[in-house]
Amino acid sequence: MIRVLIVLVAWNFAGLSNAADADDLIISRPGNLPIILTAPHGGQQAVPGAFVRTRGTMVADTNTLELAEGLANRLRSTLGAEPYVVAARFSRKYIDANRAEVDAIESADLKPMYWAYHNRISAYLLEIRQKFPGGALLVDIHGQGAERRVVHRGTRNGMTVAKLIQKHGVAALVGPNSIFGFLQHRGFDVFPPNGPLNAPPEDRRFNGGHTVFTYGGKNAESVDAIQIEVGIYLRTDAGFIDSLADGIALFYKNYLASVP
Ligand SMILES: [Zn+2]
């Protein structure tokens, strides 16, 4: 009898803690714009009961959760509408949400958390595609420390924004009403410099990981997806955060809002 009770208590405890963990360790919020902000590497929290990974990149993209929230706030105040948000609070030391499962985790116990992150993105994208048939943008937010005041663009050299380019031309990626065109206009260093695609190509270190590759540009279900790698000095710069949000808003008005 005692043994049965212990098993029941243990089972209940495990069930409750698993259910609570995903909500504690992943920020996910629906919006009412055809824009989803994702941030896989800004989390600092341990996953209870899990071990630190033994291989892969462990370093957090510091302040990128705050950056994602700052962008959402600015979009709310300028457009009066909200982007969708999915961001990991869990640390990359346990789960690298911007990798395929095989490289993201080292323990089957972490599968539910890994998939909770991606299933929330998929569910929001399904909703966005139904509500906004004119197109949608996923912005995957990262940080890099190699070039501290530079913003790198990652689209696998256009592949993850194939639909956008097909519909509106390269100007939607590098022109004056694009996100990177606007950042450059505001005086920020962007790489590649805005110009013809692949001249020069995107930096291989930052040219688009699992998230933009999975959700961007491949098939009928895809949206357009851009990885943005923000230099470490810019991530806490309020002027930069507002400018990036304003660039996203400008892009929205030109390429998403008015498009049938
Ligand atoms: Zn990253």
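A residue counts as buried when its relative accessible area is under 20%. Keep that cut-off in mind as we tour this predicted model.

Let's start at the metal. D61 has a relative accessible area of 6%, so it is buried. H41 is buried too, at 2%. Together with H142, these residues hold the zinc ion: the protein donors are H41 (ND1), D61 (OD) and H142 (ND1), lying 2.0 to 2.1 Å from the ion. Along the sequence, the donor residues follow the spacing H-x19-D-x80-H. Both H41 and D61 sit in the loop between strand 2 (35-39) and helix 2 (64-79), so this pair ties together parts that are 20 residues apart in sequence.

Next come the salt bridges, of which the structure holds 15. Here are three of them:

| Pair | Closest N to O distance |
|---|---|
| R29 and E69 | 2.9 Å |
| E127 and K131 | 3.3 Å |
| R153 and E202 | 3.0 Å |

R153 lies in strand 5 (residues 150-154) and E202 in the loop between strand 6 (189-191) and helix 8 (210-215), so this bridge links parts of the chain 49 residues apart. R153 and E202 are both buried. By contrast, E127 and K131 share helix 4 (residues 111-131), where they are four residues apart, about one turn of the helix. E127 is partly exposed at 28%, and K131 is partly exposed at 48%.

Where else does R153 turn up? It helps line the largest cavity, alongside residues including V174, P192 and L197. About 40 Å³ of space lies in that cavity, and its lining divides into seven nonpolar residues, two polar and one charged.

Key. Residues numbered from 1 in each chain as written. Predicted model: local features only at pLDDT ≥ 70, side-chain atom pairs only at ≥ 80, totals over all residues. Heavy atoms only, no water. Donors = N, O, S within 2.8 Å, 3.2 Å for Na, K, Ca; no water. Helix = DSSP H or I, 4+ residues; strand = E, 2+ residues; numbered from the N terminus. Buried < 20%, exposed > 50% of the residue type's maximum accessible area, 1.4 Å probe, protein only. 1 Å grid on protein atoms, 1.4 Å probe; cavity = no way out; pocket = protein on both sides within 12 Å on 5 of 7 lines; lining within 4 Å. Points joined across faces, edges and corners; volume = space filled by probe spheres on them. Nonpolar A, V, L, I, M, F, W, Y, C, P; charged D, E, K, R; others polar. Salt bridge = Lys/Arg side-chain N within 4 Å of Asp/Glu carboxyl O.
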